Amino acid sequence: MREIEARDITDAVTDLCQRANFELGDDVYRALMNAEAAEPSPVGKEVLRQLIENAEIAQTENVPMCQDTGFAVVFVELGQDAHIVGGSLNDAINAGVAKGYGEGYLRKSIVAHP
């Protein structure tokens, strides 16, 4: 049986929450670059250039690309031979999201009781 520490799950979710808001995937970045190169409209070209610049700043400075940081949806595949130690899986994930949003200065747009 493989044991997985709950704190390792929390740390991974923290990191992923921030990376999802700070970094574009290479495929998306390339698509923006290609779109800018192919865009015939000067206004469209400028908008794409600004999106690219914003993505570069976000990754370099570890700031969100957009003020609307969305909300976390976590999908987990956990094998039957895995055992979480030091806490529950749900608590570890929720703690990671809370920590990721707090440490990453991500806007919390969903609250339990407004």
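This short presentation covers one helix, one loop residue and the cysteines of the structure shown above. Please keep in mind that the model is a predicted one.

I begin with helix α1, which comprises residues 6-22. With 17 residues at 1.5 Å a residue, a span of 24 Å is expected, and the end C-alpha atoms lie 25 Å apart, so the two values agree.

Which residues of α1 are buried? They are A6, I9, T10, V13, T14, C17, Q18, N21 and F22. The spacing in that list may be read against a general point: an α-helix has 3.6 residues a turn, so residues three or four places apart point the same way. As for what covers the buried residues of α1, the elements include strand β1 (2-5) and strand β2 (82-85), together with helices α3 (42-61) and α4 (89-103).

I turn next to G79, which sits in the loop that links α3 and β2. G79 counts as partly exposed, because its relative accessibility is 46%. Although G79 and M1 are 78 residues apart along the chain, their C-alpha atoms are separated by 9.9 Å.

Finally, the cysteines. How many disulfides does the structure hold? The number is zero. The closest cysteine sulfur to that of C17 belongs to C66, and it is 16 Å away, which is too far for a bond; a disulfide would require the sulfur atoms to lie within 2.5 Å. Seen from the other side, C66 is likewise in no disulfide, its nearest cysteine sulfur being that of C17.

Are these two residues buried or exposed? C17 is buried, with a relative accessible area of 9%, whereas C66, at 43% relative accessibility, counts as partly exposed.

Definitions and conventions
Residues numbered from 1 in each chain as written. Predicted model: local features only at pLDDT ≥ 70, side-chain atom pairs only at ≥ 80, totals over all residues. Heavy atoms only, no water. Helix = DSSP H or I, 4+ residues; strand = E, 2+ residues; numbered from the N terminus. Expected span 1.5 Å × (residues − 1). Buried < 20%, exposed > 50% of the residue type's maximum accessible area, 1.4 Å probe, protein only. Contact = heavy atoms within 4.5 Å.
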